[in-house]
Amino acid sequence: MIHMFIDEFEELVKGFDWRGRIVEVHPHHTADLISTWRGEHSIASMLAGHQARGFRDFAQHVTLAPDGMVWPGRDWNLAPASAKGHNGADGGDRPFMFETYGNFLHDELAGAQRESFIRIIAAVQDMFGLDPEAIMFHKEMQATACPGNLDKAEIIAEVRA
């Protein structure tokens, strides 16, 4: 399975043949701790879990690894399986969803992973002319702790910078 550096992701966002419009970014986290990351094995496990739940593919458009690498997921022109009632439409208005490997109730979003987290949001928002506030945490849409203890105001400030 191919994965990419954050610079490659940013270039892909600019050159992608987008259909429809991204209206916000939905960052998520996994239930798995960063210490359990096993590269391609973790990604394959995630896909199998999503398909077992009835998703046609990954729920998310990309997965952000602990080392800051970006792994492809669902076709970017398809609506994600982000949160019921908040997924938009295939090829229409929809969020861009990404899964960040780590459980941020226990892990810390830091280093290369944090830098890529901010840059993923900024790249997608820049592409669609969105404000830094165009971020929706999973816990704002459903009863969940996702994405953990991340401070949304702090994330928005970093995206703005």
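**Close-ups of a sheet, a helix and a pocket**

**View 1. Four strands make an open sheet, lined up as β1-β4-β2-β3, with mixed pairing.** What you're looking at is a predicted model. The edge places go to β1 and β3 (70-72); each has a single partner strand, so one side of each is left without a neighbour in the sheet. Going from one strand to the next, the twist averages 25 degrees.

**View 2. Here we zoom in on β2 (residues 62-64) and β3, which pair in the antiparallel sense.** Three bridges hold the pairing of these two strands. If you'd like one to pick out, go to T63: its bridge partner in β3 is W71.

**View 3. Helix α3 (residues 111-127) packs on the sheet.** Which strands does α3 touch? The helix is in touch with β1, β2, β3 and β4. Set the direction of α3 against that of β4 and you get an angle of about 170 degrees.

**View 4. Now for the largest pocket, with a volume of about 510 Å³.** Its lining takes in 25 residues, and H50, R53, F55, A59 and E99 are the ones that lie nearest the centre. Three elements, β1 (22-29), α2 (40-52) and β4 (94-100), each give two or more residues to this lining.

**View 5. Same pocket, but this time the lining itself is the subject.** Which element gives the largest share of the lining? That's α2, with five residues. Sorted by kind, the lining of the largest pocket has twelve polar residues, nine nonpolar ones and four charged ones.

Conventions:
Residues are numbered from 1 along each chain as its sequence is written. This is a predicted model: local features need pLDDT of at least 70, side-chain atom pairs count only at pLDDT 80 or more; totals for chains, interfaces and linings use all residues. Side-chain values use heavy atoms; hydrogens and water are left out. On a 1 Å grid over the protein atoms alone, a cavity is a set of points where a 1.4 Å probe fits but cannot get out, and a pocket is an open set with protein on both sides within 12 Å along at least five of seven lines; lining residues have an atom within 4 Å of a point. Grid points are joined across faces, edges and corners, and a volume is the space filled by probe spheres set on the points. Ala, Val, Leu, Ile, Met, Phe, Trp, Tyr, Cys and Pro count as nonpolar, Asp, Glu, Lys and Arg as charged, and the others, Gly among them, as polar. Two strands pair if DSSP finds at least two bridges between them. Axes are lines fitted to C-alpha atoms, for helices over the stretch in contact, and angles run from 0 to 180 degrees between N-to-C directions. Contact means heavy atoms within 4.5 Å.
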